[in-house]
There are 2 protein chains.
Amino acid sequence: MAAQPSDCIFCKIIQRQIPASIIFEDHCAVAILDVNPLASGHLLVIPKVHVNQLVDLSDSVAADVGRLLPKLGRTLLKVTGAAGFNVLQNNGEVAGQVVNHVHFHLIPRREGDSLGYRWQAGLYEDDQMRDTCESFKQALI
Amino acid sequence: MAAQPSDCIFCKIIQRQIPASIIFEDHCAVAILDVNPLASGHLLVIPKVHVNQLVDLSDSVAADVGRLLPKLGRTLLKVTGAAGFNVLQNNGEVAGQVVNHVHFHLIPRREGDSLGYRWQAGLYEDDQMRDTCESFKQALI
């Protein structure tokens, strides 16, 4: 386990050194209300272990956190009355990660909430898809 | 387990009834290249069981899929050379879900890829955060 840096805001929340709206806690994670919500009821699910990104999580903790997501999603729908929600987990500054302690966003969604995607999907050219697929299969061996 | 509807494109991929670039498969899930990628190497992680949304997944399958995410994320970074990635999982049409079979997007990110967020965060007013926190805690009992 990596040392918990003294400047990690999520470690401080987990250790109750600074206040937060903790709505759930178990052996592996806490869930809190995001103080800068994209919608009311926007949750952060934060593993207790201090690691920077998803790829640094152990299989065991990743499984424990994965197990929590449906439960917390059901609770979010029940509490907020939202029509749906997004799970978003950002790795790296380039991906929008702000706090360097792995966490999952659960974001309630409603019709007309203006949170629609503006990401533009593309297409693979010629053999690029086959080559990319092969590269993944080789890398997984 | 819900019946697998005959018109589910992901069930057809899992059953090899239609082709796809499958880069990984185990007892619980497959991972494929998205045919409409936001970036080369954009993956979909698809549980084999046909359920519509995350909230419909069993704890066991949710844990199994959660366990896969770091492994596939490491592979994505290795293969694509991306500087980071997003995990995105959409529940409901209002949240951008297109295929009604639960799945996770893993989206490679690079500097200047123009996939930046335009979502606008807000703030809770007065007692709204405390009240929302209490509502979650009550709903989780």
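This passage walks through the symmetry, a central strand, the nonpolar cores and the cavities of a predicted two-chain model. Because the model is predicted, local features need pLDDT of at least 70 and side-chain atom pairs count only at pLDDT 80 or more, while totals for chains, interfaces and linings use all residues. Residues are numbered from 1 along each chain as its sequence is written, chains are lettered from A and ligands numbered from 1 in the order in which they are written, and side-chain values use heavy atoms, with hydrogens and water left out.

To start with the two chains: a turn of 180° and a shift of 0.0 Å along the axis lay chain B on chain A with an RMSD of 0.0 Å (least squares on the C-alpha atoms of residues with pLDDT of at least 70 in both). That is how a two-fold axis relates two copies. Both copies use the same surface, and 100% of the contact residues of chain B turn up again in chain A (contact means heavy atoms within 4.5 Å).

Next comes strand E3 of chain A, residues 43-47 (strands are DSSP runs of at least two residues and helices, H or I, of at least four, numbered from the N terminus). Five of its five residues are buried, meaning under 20% relative accessible area with a 1.4 Å probe, protein chains only. Leu43(A), Val45(A) and Pro47(A) cover one side, with Leu44(A) and Ile46(A) on the other. E3(A) runs antiparallel to strand E2 (residues 29-33) of chain A, joined by five bridges (strands pair if DSSP finds at least two), and Ala29(A) has Pro47(A) as its bridge partner. Three bridges link E3(A), again antiparallel, to strand E5 (residues 104-109) of chain A, where Phe104(A) stands opposite Val45(A).

On to the nonpolar cores, which are sets of buried Ala, Val, Leu, Ile, Met, Phe, Trp, Tyr and Cys residues joined through side-chain atoms within 4.5 Å. The largest has 60 residues, and Ile23(A) and Ile23(B) have the most contacts inside it. Leaving aside neighbours within four places in sequence, Ile23(A) touches residues of both chains, including Leu43(A), Leu72(A), Phe136(B) and Leu140(B). A separate core of eleven residues includes Cys8(B) and Val99(B).

Finally, the structure holds two cavities of 30 Å³ or more. The largest has about 70 Å³ of space. Among its 14 lining residues, Gly66(A), Leu69(A), Ala62(B), Gly66(B) and Leu69(B) are the closest to its centre. Helix H2 (59-80) of chain A and helix H2 (59-80) of chain B each supply at least two lining residues. A cavity here is a set of points on a 1 Å grid over the protein atoms alone where a 1.4 Å probe fits but cannot get out, and lining residues have an atom within 4 Å of a point; points are joined across faces, edges and corners, and a volume is the space filled by probe spheres set on them.

Technical notes: Buried < 20%, exposed > 50% of the residue type's maximum accessible area, 1.4 Å probe, protein only. 1 Å grid on protein atoms, 1.4 Å probe; cavity = no way out; pocket = protein on both sides within 12 Å on 5 of 7 lines; lining within 4 Å.
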